[in-house]
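Student: I would like a close look at a single part of this model, with the cut-offs behind each term. Please stay with that part and its surroundings.

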Amino acid sequence: MNERRYHVYFMSNRSRSVLYIGVTNHVERPVWEHRTGIGSAFVKKYRAHHLAYVEEYARADEAIAREKELKGWKRVRKNALVAEANPTWIDLMPMNDPHSASS
C-alpha cells in the first residue's frame with residue numbers, strides 16, 4: 001500500500017531575498033512547475049526557483065496548518081529555520097521533469 005505524504009516547502013531565489021512557502025502532496029511537481037513558469041505568479045516574478053527547505057507530514061491538515069503557521073513568522077525566523085536545516089541554502093532538488101522519473 002502506497003502511503004501519501006504531504007510537504008511544506010520553501011522556494012527561494014539565488015540571492016535569498018525572497019521566500020515562497022507552499023504545501024503539496026508531491027514536492028517534485030510544484031518545484032518543476034515553478035521552475036518552468038507554470039506555478040505561482042509570485043515565484044515567476046521573483047525567480048524563486050531554488051528548493052531551500054522541506055518538511056514532511058502524514059496528514060494534509062497538519063501540513064496546511066504548518067504552512068499557515070510559517071507564513072505568519074517574521075522573515076528572520078524563517079531564514080533561521082532554513083539555515084538550521086540547510087546552512088548553505090543549496091538547492092535541494094536538481095533540475096528535472098517529474099514526469100520523466102519513475103515513481
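Tutor: The cover over the buried residues of α4 includes β1 (6-12), β2 (19-24), β3 (50-57) and α3 (60-71), where contact means heavy atoms within 4.5 Å, and where helices (H or I, at least four residues) and strands (E, at least two) are DSSP runs numbered from the N terminus. This is a predicted model, in which local features need pLDDT of at least 70 and side-chain atom pairs count only at pLDDT 80 or more, while totals for chains, interfaces and linings use all residues. Residues are numbered from 1 along each chain as its sequence is written, and side-chain values use heavy atoms, with hydrogens and water left out. The average pLDDT, the predictor's confidence in each residue from 0 to 100, is 89 for the protein, and 90% of the residues score at least 70.

Within α4, which spans residues 75-85, the buried residues are Lys 78, Leu 81 and Val 82; buried means under 20% relative accessible area, exposed over 50%, and partly exposed in between, with a 1.4 Å probe and protein chains only. Viewed down the axis of α4, these buried residues fall within an arc of 95°, so they line one face of the helix, the arc being that of the directions from the helix axis to the C-beta atoms. The face of α4 turned away from that buried side carries Val 76 and Glu 84, which are exposed.

Two of the buried residues of α4 also appear in the largest nonpolar core, where Val 8, Phe 10, Leu 70, Leu 81 and Val 82 touch the most other members among its 14 residues. To this core β1, β2, β3, α3 and α4 each supply at least two residues. Such a core is a set of buried Ala, Val, Leu, Ile, Met, Phe, Trp, Tyr and Cys residues joined through side-chain atoms within 4.5 Å. In soluble globular proteins, nonpolar side chains tend to be buried together.

Leu 70 links this core to α4 directly: leaving out residues up to four places away in sequence, Leu 70 touches Lys 78 and Leu 81, and also Val 8, Phe 10, Ile 21 and Glu 55. Another core, of 9 residues, lies apart from the largest one and includes Tyr 9, Val 18, Val 43 and Ala 48.

The helix α3 deserves the same reading, since α4 is in turn included in the cover over the buried residues of α3, together with β1, β2 and β3. The 12 residues of α3 reach 17 Å from the first C-alpha to the last, close to the 16 Å expected at 1.5 Å a residue, the expected span being 1.5 Å times one less than the number of residues. Ala 63, Arg 66, Glu 67 and Leu 70 are buried in α3, and they cover an arc of only 105° around the axis, which puts them on the same side of α3. Glu 67 counts as buried at 12% relative accessibility, and its contacts, leaving aside neighbours within four places in sequence, are Val 8, Ile 21, Gly 22 and Val 23.

In the segment after α4 lies Asn 86, which is buried with a relative accessible area of 6% and touches Ala 52 and Leu 92, not counting residues up to four places away in sequence. Further along, pLDDT stays under 50 over residues 97-103, for which the model has 6 contacts beyond four places in sequence. Where pLDDT is low, the predicted coordinates should not be read in detail.
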